[in-house]
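Here are some notes for a colleague opening this structure for the first time. They are set out as numbered points, to be read with the structure in view.

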Amino acid sequence: MGWPLRMFQEECLYFVTSRCFQGRLLLRPSAEVNEVVGGVLARAIQQSAGNVRLHAFTFASNHFHLLVWARGAALAGFMQYLRANLSRKVGKLVGWSGGFWERRYSAEPVLDDTALVGRLRYVLAHGVKEGLVERSAEWPGLTCLPQLLGPAKRLFRWFNWTKRWSRRGREDVAGARGRFTEDCAEPVELEVAPLPCWKGLSEEGRRRAVRGLVEEVEAEARARGKPALGARAVQAQHPHTRPEHLERSPRPLGHASTRQALRELREQYQAFVSAFREAAERWRQGDFSACFPPFSFPPRVQPGGVARIL
């Protein structure tokens, strides 16, 4: 059974999730991993040439969440670049050479302001709601919280392996550690943009709103009365560890505060799938004038061959 078709909008906010292979802790926080992840994320945003904007993010030990705005199908190229570079670079850091990601990423449209703030709250709750740390600020992995409460821009290092390859053969860049030396590091700036629904607020007003969300999350955790694992214990875990149990839940079609908005999204998606399949069937029959829905990916056609649906 193939993957469901992915529908992109002309402009849209998305809640994006990607999990590591078998839920292994391949993104386990450390100073090195955080630096590499931050550099890759900043570079991916830079490469999108303004077609993807970052609003929030958090990197857990075995998955990550992003809250992004994207134009058209730009999210597809952005995620391909991000996940490919994370798998290569973080994989090299943690000594993992196999498949890095469990399945393709999910990208769910966020349809209104209430749902958007709810998704931000979900991002900020990571680590606390799972009982890993007592406070959001204690999470040792890469998170947008410092940028939401302080300067929106942060510098990371992008390790340019193309530059390193051009100097191959030199002893000082040999081995895995040579891939992360200052010789091939370039500074990149990662910026977190305000939520569109908060643009009318002052900078202090936005920070106050973020602090309010964090306080709610931490109060709920305290009410459960269970001790947290602690940041040191999180960082002491081996990145190859495979959890015995993984929480899995169906991926929603989108996020909205009303059922009506979700019904409309479902109807839109059904019309999109119908139009795509109709065009694909015409391609199979050799009619390559068939038009596919905007921001979709038509089948590949070999010269003189038959259309092949991917």
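1. Strand 1 gives four residues to the lining of the largest pocket, the largest share from any element. The pocket belongs to a predicted model, and about 1000 Å³ of space lies in it. Its lining is made up of 34 residues, and the closest to its centre are Arg19, His63, Tyr122, Glu130 and Glu247. The elements that supply two or more residues to this lining are strand 1 (11-19), strand 3 (63-71), strand 4 (106-109) and helix 3 (113-124).

2. Sorted by class, the residues that line the largest pocket comprise twelve nonpolar, 13 polar and nine charged ones.

3. Strand 1 also belongs to an open sheet of four strands, whose order is 2-3-1-4 and whose pairing is antiparallel. At the edges of this sheet stand strand 2 (52-59) and strand 4, each of which pairs on one side only. On average, and with direction ignored, neighbouring strands of the sheet are turned by 20° against each other. As a general matter, the strands of a sheet pair through backbone hydrogen bonds, in either a parallel or an antiparallel manner.

4. Within the sheet, strand 1 and strand 3 run antiparallel and are joined by nine bridges. One position to look at here is leucine 13, which stands opposite tryptophan 69 in strand 3.

5. Helix 2, which covers residues 74-94, lies across strand 1, strand 2, strand 3 and strand 4, and runs at about 150° to strand 3.

6. Two residues deserve a check of their backbone angles. Most residues other than glycine have a negative phi. Glutamine 22, although not a glycine, has a positive phi of about 60°, and this residue is found in the loop between strand 1 and helix 1 (31-47). Phenylalanine 295, likewise not a glycine, has a positive phi of about 65°, and its place is in the loop between helix 8 (259-284) and strand 7 (300-301).

7. How confident is the predictor, and where does pLDDT stay under 50? The chain averages a pLDDT of 90, and 91% of the residues score at least 70. Over residues 305-310, however, pLDDT stays under 50, and for this stretch the model has 15 contacts beyond four places in sequence. Those contacts should be read with the pLDDT of residues 305-310 in mind, which stays under 50.

How values were computed: Residues numbered from 1 in each chain as written. Predicted model: local features only at pLDDT ≥ 70, side-chain atom pairs only at ≥ 80, totals over all residues. Heavy atoms only, no water. 1 Å grid on protein atoms, 1.4 Å probe; cavity = no way out; pocket = protein on both sides within 12 Å on 5 of 7 lines; lining within 4 Å. Points joined across faces, edges and corners; volume = space filled by probe spheres on them. Nonpolar A, V, L, I, M, F, W, Y, C, P; charged D, E, K, R; others polar. Pairing = 2+ DSSP bridges. Axes fitted to C-alpha atoms, helices over the stretch in contact; angles between N-to-C directions. Contact = heavy atoms within 4.5 Å. pLDDT = per-residue confidence, 0-100.
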